[in-house]
Amino acid sequence: MARKISSDRPPFLISGQEIYAGSSAHINVPLPSQSSYMPISMPVHVVHGRQNGPVLFLSAAVHGDEINGIEIIRQVMAHSALARIRGTLIAVPIVNVYGFTTHTRYLPDRRDLNRSFPGSQHGSLASRLAHVFATEIIDRSTHGIDLHTGANHRTNYPHIRANLSNPDTEALARAFGTPVIIDANMRDGSLRQYAADKGIRSLLYEAGEALRFNPLAIRAGVRGVLNVMRALGMISGKSGTGQTVIKASTSSWVRAPQSGLLRLEEKQGSRVEKGACLGTISDAVGRNQTSVLAPATGIVIGHTMLPVVNEGDALFHIARFNDSAKVEDAIESFHTSHIEGLGPGDYPGPVDN
């Protein structure tokens, strides 16, 4: 129970509980139970500032195996700047509790939560969970950041996906501070589509791979969230990062021309010229070798982590830019600034910037 602190600002109501201005609370929002009859709940942290301001939600593990965002939220919640927050922060480190407990992307009904919004109180399990998150979290917010990783044994270089046709959303995407931002189409049934329909400005952060903590992805995510909070006036400090941020003109996946074993020649963050060899595919003894070629000049923002590939599998995600050389410089600067002081395989400590 949150402790009442004197303030003219009204309390924040969520899941039938009041969080008074100038206080914080941890709330377990009830979810539909499973056949084990054990009660299940979604953990929600709320920090309700004394002063008025935006209501920002942070969500992670919408796909249950995408865990980098959980650590990002943990570090954000421990940041000292939140003691003087303006507005309200709603942090949900594990949205898809069902998938998280079984190390899987989907729910027990095999549905994708990020294709189930706005959901229904009387629908499938995925639909019911989407309904809870939509009504308890999104509907109470003015802005949002949804934290994701690559899926299906893929890894992503840190980047932001957003509706960049909206100037306010683009400003927040640039404030986040990843060198690459992508004007991404809305997907029907996605969390981001539902938020947009409600007039809520939201960003989708992609970085790292499922079921793995990635130091660069986590550090960049923590700093990005804090940068957005500064840009919104929720915490003090300059919102600018000094990081060059460049919008991609388009992006596409390069698929396997044949089946076999893939050997990577280029990794995420690399600049590649049109026609460059991204990797080679051959049989187990090196025969029948075929090169996977870049269809255009751009930056590798994602690739598969599986050496065993089938014809048609998505292998490399290439983002195209008007000036890819400038992006390459921005990525080098970004990478250096976020790994300073870390050794190979080091776990990232808390970020204070």
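The following paragraphs lead through a predicted model, from its largest pocket to its nonpolar cores, its strand pairings and a few buried residues.

The largest pocket encloses about 880 Å³ of space. Its lining comprises 35 residues, and those nearest its centre are Arg115, Arg161, Arg187, Glu206 and Trp253. Sorted by class, the lining holds nine nonpolar, 14 polar and 12 charged residues. Several elements each supply at least two lining residues: strand E7 (143-148), strand E8 (154-162), strand E9 (180-183), helix H5 (191-197), strand E10 (201-208), strand E12 (250-255) and strand E19 (314-320).

Strand E10 also contains Ser202. With a relative accessible area of 9%, Ser202 falls under the 20% limit and is therefore counted as buried. Once neighbours within four places in sequence are set aside, the contacts of Ser202 are Gly144, Ala162, Thr169, Arg192 and Ala195.

Attention now turns to the nonpolar interior. In soluble globular proteins, nonpolar side chains tend to be buried together. Here the largest nonpolar core has 89 residues, and Met42, Ile90 and Phe133 have the most contacts inside it. Helix H6 (residues 215-231) gives the most to this core, contributing nine residues. A second, separate core has 13 residues, including Ala256, Leu262, Leu278 and Phe316.

What does Ile90 touch, when residues up to four places away in sequence are not counted? The list runs through Phe12, Ile14, Val44, His45, Val46, Val55, Leu56, Phe57, Leu58, Ile137, Arg140 and Ser141.

Among the residues that Ile90 touches, Val44 and Val46 lie within the range of strand E4 (residues 40-48), which pairs with E3 in the antiparallel sense over nine bridges. Within this pairing, Asn28 stands opposite Pro43 of E4. Strand E3 (residues 23-31) has two faces: Ser23, Ala25, Ile27, Val29 and Leu31 form the covered one, whereas Ser24, His26, Asn28 and Pro30 form the uncovered one.

Another sheet involves Leu262, a residue of the second core. It is an open sheet of four strands in the order E16-E15-E13-E18, with antiparallel pairing. Strand E16 (290-293) and strand E18 (308-309) are its edge strands, each pairing on one side only. Strand E13 (residues 260-264) is joined to strand E15 (residues 277-282) by four bridges, and the two run antiparallel. Across this pairing, Leu262 has Ile281 in E15 as its bridge partner, while Leu264 stands opposite Gly279. E15 is likewise joined to E16 by four bridges, again in the antiparallel sense; there, the bridge partner of Ile281 is Thr290. Ile281 thus takes part in bridges to Leu262 and to Thr290. Is E15 enclosed or open to the surroundings, and why? Five of its six residues are buried, so E15 is largely enclosed by the rest of the structure.

A final example comes from helix H3 (residues 125-136), where Ala126 is found. Ala126 has a relative accessible area of 0%, and is buried because this value is under 20%. Not counting residues up to four places away in sequence, Ala126 touches Leu107, Asp109, Arg111, Leu113 and Ser116. For Leu107, which is 19 residues from Ala126 along the chain, the separation between the two C-alpha atoms is 6.5 Å.

Methods:
Residues are numbered from 1 along each chain as its sequence is written. This is a predicted model: local features need pLDDT of at least 70, side-chain atom pairs count only at pLDDT 80 or more; totals for chains, interfaces and linings use all residues. Side-chain values use heavy atoms; hydrogens and water are left out. On a 1 Å grid over the protein atoms alone, a cavity is a set of points where a 1.4 Å probe fits but cannot get out, and a pocket is an open set with protein on both sides within 12 Å along at least five of seven lines; lining residues have an atom within 4 Å of a point. Grid points are joined across faces, edges and corners, and a volume is the space filled by probe spheres set on the points. Ala, Val, Leu, Ile, Met, Phe, Trp, Tyr, Cys and Pro count as nonpolar, Asp, Glu, Lys and Arg as charged, and the others, Gly among them, as polar. A nonpolar core is a set of buried Ala, Val, Leu, Ile, Met, Phe, Trp, Tyr and Cys residues joined through side-chain atoms within 4.5 Å. Buried means under 20% relative accessible area, exposed over 50%, partly exposed in between (1.4 Å probe, protein chains only). Contact means heavy atoms within 4.5 Å. Two strands pair if DSSP finds at least two bridges between them.
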